[in-house]
Amino acid sequence: MTTIRREVLTLPAAPLGPDNPLPPLRPLDEAHRIDDRDRADLPRDMARQVDYAPLRSLLPAQVRDGYDRKRAPSGLDALVIENDRLRATVLPALGGRIASLHHKPTDRELLYVNPVLQPANFALNGAWFSGGIEWNIGATGHTTLSCSPVHAARVPAPDGGQMLRLWEWERLRDLPFQVDLWLPDGSDFLYVGARIRNPHERPVPTYWWSNIAVPEDRRVLAPADEAWNFGYERGLRRVPVPEYDGIDRTYPLNSTYAADYFYEVPDDRRRWIAALDADGHGLVQTSTDLLRGRKLFVWGTGPGGRRWQEWLTEPGTGGYCEIQAGLARTQLEHVKLEAESEVSWLEAYGPLDASPDGDWPTVLRRAEDRLAAALPRADVDAAYDAWRPYADTEPGERLATGSGWGALEVLRAGWKLPGTPFDEDTLGAPQRPWLHLLRAGSLPEPEHHEPPGGTLVARPWRDMLETTAATPLAEYHLGVAQWHGDDRAQAVRSWERGLKSAVDRWPLLRCLAVADQEDGHRERAADRYAEAFDDLCARRTGAAEGHEGWAAVAAALGREAIGALLAVGRTVDARTVWERLDAATRARGRFRLAEGELLAAEGRHAEARAVFDEDFEVADLREGADSIGLLWARLDDAPLPARYDFRMWPGGE
């Protein structure tokens with residue numbers, strides 16, 4: 001019989017640290033966008049979905065950049081679902097990631113299992129880690145829930161056994177979702193029933209890609225003769241499968257640079273994707289037809305791709321590629337979810353044995369025959385039909401607790417969401433001021449000059465902020481909500497009103513500084529950043545000094561202030577900010593890079609160059625970032641050292 005149990009997974013892990021306390025007001029620095037010249041050649045439905053409501057802001061989420069690269073053995077709470085054939089290990093505190101899928105009869109691990117937990121800046125909001133199967137919901141990119149807890153509980157399965165239900169509230173689009181995992185007795189396949197609901201009275205854009213990490217020494221098979229190739233130079237083009245530019249790209253190690261291949265699966269073909277080793281063993285994922293997209297991501301064999309692989313794990317532990325399945329052809333698209341509706345599908349993951357060698361049609365036919373024998377297409381459809389009545393079943397024993405944001409939204413709107421309860425006992429400190437606004441009509445002032453928390457920006461919350469007492473704190477949050485709604489002039493007015501009577505001026509000054517930068521007023525932005533940092537330092541006294549958020553605030557604001565001051569040539573003021581940061585902050589890799597930039601701006605090139613000899617590591621280096629290479633090029637004509645080379649495309653950095 002299928003069992004579900006708790007377990008502790010111990011591995012070297014870097015702590016996540018505090019979230020960035022400054023609201024993310026700037027547009028997303030998202031690499032997965034295409035140039036306008038490529039849009040003309042897209043199929044009409046793809047072009048429409050590429051243009052449909054792309055995400056332009058992270059709000060109400062906050063950036064997660066408080067982690068480092070100092071790993072120590074740590075115990076991670078895990079939930080294990082197991083039958084006599086398969087064992088799946090799930091991490092409910094890390095987005096419900098399936099960390100391992102082990103096939104017991106052959107003693108084979110079907111996924112790439114990362115031997116460490118190393119956050120890196122790949123999620124939409126920062127912290128993400130590689131390995132296993134992740135559930136990407138929200139918008140183009142890795143979900144903001146990558147390193148966040150989800151709710152988990154036991155529920156009855158269609159076969160009379162048990163399912164493991166995962167559910168949470170996705171905040172970027174304000175949508176609840178669930179993932180039900182179960183293993184029928186004697187089955188070699190893990191079934192995954194997924195559902196996204198839109199309780200709103202308006203359509204909402206949605207997005208889903210199940211992302212599966214597998215060892216890269218595989219051949220990846222999908223039932224397609226063409227694919228949409230996306231490279232990090234932001235080009236999207238239709239290419240043949242398996243060979244493109246004379247190279248068989250279905251072998252991940254044949255590509256030099258990082259790239260995506262979104263397979264053009266014909267409408268009448270079964271939806272599946274597999275990764276098989278040289279002996280023909282590996283993993284296959286298949287689904288009901290609604291989950292139409294299939295994708296291969298490769299890091300490539302170039303120095304940047306190999307460096308990223310090392311960065312995400314430990315040298316010598318083997319690389320990985322990603323095979324994925326999604327609601328649309330590509331990850332550049334969003335799908336309209338109509339008002340008060342839902343979308344659901346079923347996936348299956350299990351072992352596949354089929355030879356990967358030979359001509360493409362023969363290889364695909366052989367693999368499809370083996371898949372049909374192991375798990376007929378009709379059985380997947382039947383499993384979906386059997387699961388649907390159980391999707392609304394109320395959970396039994398709670399196994400993990402997620403965030404309180406869903407409970408807050410349910411309280412506000414009175415929604416009934418059978419199967420995914422968001423109970424009041426899950427409300428916590430982040431929701432407390434907003435619960436007070438909802439029930440009492442006002443925002444409570446933080447104690448001891450504490451930094452303001454995150455801002456809720458959806459229209460109902462903005463309406464409440466517009467009618468509450470116009471305190472500096474309320475004006476601050478209202479301005480953030482207005483900025484998110486692209487009402488920037490009103491946002492600036494709200495922040496300016498709040499500034500007139502504010503005791504803690506730095507949050508409002510920082511918001512106004514960002515607005516100045518976005519409008520091209522760089523000198524005024526620098527003035528406001530300098531004033532904001534001065535005010536922050538003045539407030540860091542007494543009881544406030546002991547608040548755990550102060551170090552994160554000083555680091556985040558100081559980093560932005562130094563950048564703004566250097567942008568207008570004010571090196572003396574930038575140096576003043578730098579020297580007022582605490583020693584622990586200045587020692588972090590991100591700030592060692594900032595020190596190098598400051599030294600270079602001061603004309604102290606030899607000292608700036610010496611920073612590189614100390615092997616600093618920018619823990620939150622962004623995918624596609626070029627800051628390290630640009631600074632190096634100012635200081636040295638030699639090639640960029642391999643340890644700093646994260647270039648993901650020809651000519652990058």
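## Strands, helices and the model

Strands are DSSP runs of E that cover at least two residues, and helices are DSSP runs of H or I that cover at least four; both are numbered from the N terminus. These labels, such as S17 or H6, serve as addresses below. The model is predicted.

## The whole chain

The chain holds 18 helices and 27 strands. Its radius of gyration is 25 Å, and the globule rule gives 26 Å for 653 residues, so the chain is as compact as a globular protein of that length. Along its principal axes, the C-alpha trace spans about 70 × 65 × 50 Å.

How much of the chain is buried? Buried residues make up 59% of the 653 residues. Contacts tell a further part of the story. Take those with a separation of 6 or more: 71% of them join residues 24 or more positions apart.

## Surface and charge

The accessible surface comes to about 24800 Å². Carbon and sulfur atoms account for 48% of that surface. The chain carries 78 positive and 103 negative charges. The mean positions of these two sets are 2 Å apart.

## Aromatic rings

The chain has 24 aromatic pairs. One of them joins Trp209 and Phe262. The ring centres are 5.9 Å apart, with 65° between the planes, and the pair is edge-to-face. What does this pair tie together? Trp209 lies in strand S14 (residues 208-215) and Phe262 in strand S20 (residues 259-263), so the pair links parts that are 53 residues apart in sequence. Trp209 is buried, with a relative accessible area of 1%. Phe262 is buried as well, at 2%.

Nine names make up one aromatic cluster: Tyr112, Phe122, Trp128, Phe297, Trp299, Trp308, Trp311, Tyr320 and Phe646.

## Helix H6

Helix H6 covers residues 405-413. Which of its residues are buried? They are Trp405, Gly406, Ala407, Leu408, Glu409 and Val410. This buried set packs against three elements: strand S10 (162-170), helix H7 (432-440) and helix H8 (459-467).

Gly414 follows H6. Its phi is positive, near 70°.

## Unusual backbone

Most residues other than glycine have a negative phi, and most peptide bonds are trans. The chain has exceptions to both habits. Start with the peptide bonds. The bond from Leu59 to Pro60 is cis, with omega near 10°. Pro60 sits in the loop between helix H2 (44-50) and strand S2 (72-82). Another cis bond joins Val241 and Pro242, with omega about 10°. Where is Pro242? It lies in the loop between strand S17 (235-240) and strand S18 (243-244).

Now for phi. Glu340 is not a glycine, yet its phi is positive, about 50°. Glu340 lies in the loop between strand S25 (335-337) and strand S26 (341-353). Is Glu340 buried or exposed? Its relative accessible area is 59%; the cut-off for exposed is over 50%, so Glu340 counts as exposed. Asp615 also has a positive phi, near 55°. Asp615 is in the loop between helix H17 (605-612) and helix H18 (627-635). At 45% relative accessibility, Asp615 is partly exposed.

## Two residues in their settings

Asp487 belongs to the loop between helix H9 (472-484) and helix H10 (488-501). It is partly exposed, at 26% relative accessibility. Which residues does Asp487 touch, not counting those up to four places away in sequence? The answer is Arg462 and Gln482. Asp487 and Phe616 are 129 residues apart in sequence. Their C-alpha atoms are 40 Å apart in space.

Phe591 is part of helix H16 (residues 589-601). Phe591 is buried, with a relative accessible area of 2%. Leaving aside neighbours within four places in sequence, Phe591 is in contact with Ala555, Arg559, Trp578, Leu581, Thr585 and Arg586. Phe591 and Gly558 are 33 residues apart along the chain, and 9.6 Å separates their C-alpha atoms.

Technical notes. Residues are numbered from 1 along each chain as its sequence is written. This is a predicted model: local features need pLDDT of at least 70, side-chain atom pairs count only at pLDDT 80 or more; totals for chains, interfaces and linings use all residues. Side-chain values use heavy atoms; hydrogens and water are left out. The radius of gyration is taken over C-alpha atoms; the globule rule is 2.2 Å times the number of residues to the power 0.38. Buried means under 20% relative accessible area, exposed over 50%, partly exposed in between (1.4 Å probe, protein chains only). Contact means heavy atoms within 4.5 Å. Accessible areas come from the Shrake-Rupley method with a 1.4 Å probe; for residues, only the protein chains shown count as cover. Lys and Arg count as positive and Asp and Glu as negative; His and the chain ends are not counted. The place of a charge is taken as NZ of Lys, CZ of Arg, CG of Asp or CD of Glu. Rings of Phe, Tyr and Trp (its six-membered ring) pair if their centres lie within 6.5 Å; planes under 30 degrees apart count as stacked, over 60 as edge-to-face and the rest as tilted.
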